[in-house]
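I'm new to this one, so I'm keeping notes as I look things up. Here is the structure I had open.

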Amino acid sequence: NTKSGDYHVADISLADFGREEMKLAEHEMPGLMNLREKYGEEKPLKGARVMGSLHMTIQTAMLIETLQALGAQIRWVSCNIYSTQDHAAAAVAATGTPVFAYKGETLEEYWAFTDRALDWGNGRGPNMIVDDGGDATLFMHLGYKAEQNPSILDRKPGSEEEEVLYNQLKKALKKDPNRFSRTAKNIRGVSEETTTGVHRLYQMRDKGELLFPAFNVNDSVTKSKFDNLYGCRHSMVDGLMRATDVMLSGKVAVVAGYGDVGKGSAQSLRGQGARVIVTEIDPICALQAAMEGFEVMPMDEASQIGDIFVTATGCCDAITERHMRRMKDMAIVCNIGHFDSEIQVAKLNKYQWTNIKPQVDKITFPNKKSIILLAQGRLMNLGCATGHPSFVMSNSFTNQVLAQMELYCNPGKYELDVYTLPKLLDEEVARLHIERLGIETDKLNKKQAKYLGIPQNGPFKPAHYRY
Ligand code: NAI
């Protein structure tokens, strides 16, 4: 590892490779490039100290440099121990930007890196956060609570991960007992990338615990209806193939959860000729799956017929130890949701593990049957492949930058609540990307606009429209 300066990456000599791939990405990220052009001179993020916790990939490197082009200072970590692309991290670190991320970090390093990225030195913290899954937000909020009541860090942790988090918070508070309240006061807001992180934010909002306003980037239409859906349609089978090289055609694939991620995953598996089964808890999504032509059944049944299992629920225990013990010999089990709790991986520790290669393990039960587990149950498209391609991430990250600008440039405008971007901006993000595809839309004339009762140039849909 290279960790000499104010950064920690796997190998700084990968920077040139990373830079070349970033140049390729410029062509595929018209939304971000447009923002650089539009706001590069004005620098609306001047004075912003943005702490980011989001998979450190080539696409994220492009997001980082867009925020910098708009005037922000950056400190960055990955939001998953396996998701970093080391050449991307190196390219960013080589420009003097503090980044703390490498593929295959330990859990201890993960939280220590988060802590370090939140520390600007001389007692200063960030004044903005970009989060993916909510771990940076959690670190701040739990740290704040522990500042008021240190005993909460002595309660029994629910998992190994939580134990490591508690230890890191104890260290942080020992070094600087008022750190969290001081930092929280200065934070103008957080913009959250994914479904799971947004879910956590609404829970905090409902309990009245939010310390700063939040933007829900996930529910911009040009995010969840594209990244979660088409992004996963691309990167889910990519992860499966890179990890296992297994023939997908003819296999029975089980997708747990038929939300946006599950829909994309099911579609791509079917595209490869797999016979796809969906499991759901929500009758609406179950009906959608059935009418799309997928079989729907409970996991108890599906677990006995599947060859490949993918969880996309954002829920814990979608696949249990009991399910895995009933699976066919050599069934492949993986998760594309945000956290590894979707599969009961901790309960597998007592069985025999054989590491096939990084992020691919064979687990053998006492009856000699085995399963193949990808990325130890962590999100497999980033653990076993390179995540979503640049074009779809350009949509997501254009929303991120717009949310950061809105929060940073309007201090005091937003309450301790969770907000989404206005539809006109959502439509603008889409417009930038259809232009790149050479697509032109029809234009409403005055008579048509009047007939529909909407402005000629949008927004074209009411907020409740579902797409
Ligand atoms: P969603 O809320 O649209 O879909 C989740 C679906 O799972 C829902 O339909 C829900 O009814 C169903 N579900 C919940 N518990 C279940 C259970 N125990 N068994 C079966 N079905 C169950 O969420 P979305 O946007 O599809 O995201 C899913 C997860 O993927 C989240 O954790 C999200 O953060 C993550 N995500 C991962 C990405 C990646 O690149 N790996 C990209 C985008 C999101």
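**Entry 1: one asparagine.** I started with a side chain: N127 reaches the backbone oxygen of G47, and I get 3.1 Å for that pair. This is a predicted model, so I'm treating the distance as a property of the prediction. The N127 side chain has another backbone atom within reach, the nitrogen of R49, at 2.6 Å.

Where does N127 sit along the chain? I found N127 in the loop between α5 (107-117) and β4. Buried or exposed? N127 has a relative accessible area of 7%, and the cut-off for buried is under 20%, so N127 counts as buried.

I then listed what N127 touches, skipping neighbours within four places in sequence. The list has G47, A48 and R49, then N186, I187, R188 and G189, plus Y408.

**Entry 2: the open sheet.** Next I wanted the strand order. There is an open sheet of 7 strands, and reading across I get β3-β2-β1-β4-β5-β6-β15, with parallel pairing. Which strands are at the edges? They are β3 (99-100) and β15 (418-419), each pairing on one side only.

I walked along part of the sheet, from β4 towards β15. β4 and β5 run parallel and are joined by 4 bridges; V130 has S191 of β5 as its bridge partner. From β5 to β6 I count 3 bridges, again parallel, and here V190 is partnered with A214 in β6. Then β6 (residues 214-216) pairs with β15 over 2 bridges, in the parallel sense. In that pairing F215 stands opposite Y419 of β15.

I also checked which way the β5 side chains point. G189 and S191 go one way, V190 and E192 go the other, and all are buried. G189 is a residue I had already met, among the contacts of N127.

**Entry 3: helices across the sheet.** What lies across β1, β2 and β4? It is helix α3 (residues 58-69), which runs at about 160 degrees to β2 (73-77). For the record, β1 covers 49-53 and β4 covers 128-131. Helix α9 (residues 195-206) lies across β5 (189-192), β6 and β15, and its direction makes about 140 degrees with β5.

**Entry 4: α3 and its partner.** I followed α3 to another helix, α16 (residues 390-409). Their axes come within 10 Å and cross at roughly 30 degrees. Angles under 35 degrees count as roughly parallel, so α3 is roughly parallel to α16. I noted the crossing as right-handed. On the α3 side the contact is made by Q59, T60, L63, T66 and L67, and on the α16 side by S390, M393, F397, Q400, V401 and Q404.

**Entry 5: a second helix pair.** How do α6 and α8 pack? Helix α6 (residues 135-148) meets helix α8 (residues 179-186) at an angle of about 130 degrees, and their axes are 8 Å apart. That angle makes α6 oblique to α8. This crossing is left-handed. From α6 I wrote down F139, M140, G143, Y144 and E147; they meet R179, F180, S181, T183 and A184 in α8.

**Entry 6: strand β10.** I moved on to β10 (residues 308-311). Which strands pair with it? Strand β7 (residues 252-256) runs parallel to β10, joined by 4 bridges, and β11 (residues 331-335) also pairs with β10 in the parallel sense, over 4 bridges. V310 is a handy marker: V255 stands opposite V310, and the bridge partner of V310 in β11 is C334.

The β10 side chains split two ways, with I308 and V310 on one side and F309 and T311 on the other. All of these are buried.

**Entry 7: a glutamate in a loop.** Last lookup: E292, in the loop between α12 (283-291) and β9 (295-296). Its relative accessible area is 44%, so E292 is partly exposed. Leaving aside neighbours within four places in sequence, E292 is in contact with Y258 and R270. I also took a long span: E292 and W111 are 181 residues apart along the chain, and their C-alpha atoms are separated by 42 Å.

How values were computed
Residues are numbered from 1 along each chain as its sequence is written. This is a predicted model: local features need pLDDT of at least 70, side-chain atom pairs count only at pLDDT 80 or more; totals for chains, interfaces and linings use all residues. Side-chain values use heavy atoms; hydrogens and water are left out. Two strands pair if DSSP finds at least two bridges between them. Contact means heavy atoms within 4.5 Å. Axes are lines fitted to C-alpha atoms, for helices over the stretch in contact, and angles run from 0 to 180 degrees between N-to-C directions. Buried means under 20% relative accessible area, exposed over 50%, partly exposed in between (1.4 Å probe, protein chains only). A polar contact is a pair of N or O atoms within 3.5 Å; within protein, one must be able to donate a hydrogen and the other to accept it, and residues adjacent in sequence count only if both atoms are side-chain atoms. Angles under 35 degrees count as roughly parallel, over 145 as roughly antiparallel, 65 to 115 as roughly perpendicular and the rest as oblique. A crossing is left-handed if the near helix is turned anticlockwise from the far one by less than a right angle, and right-handed if clockwise.
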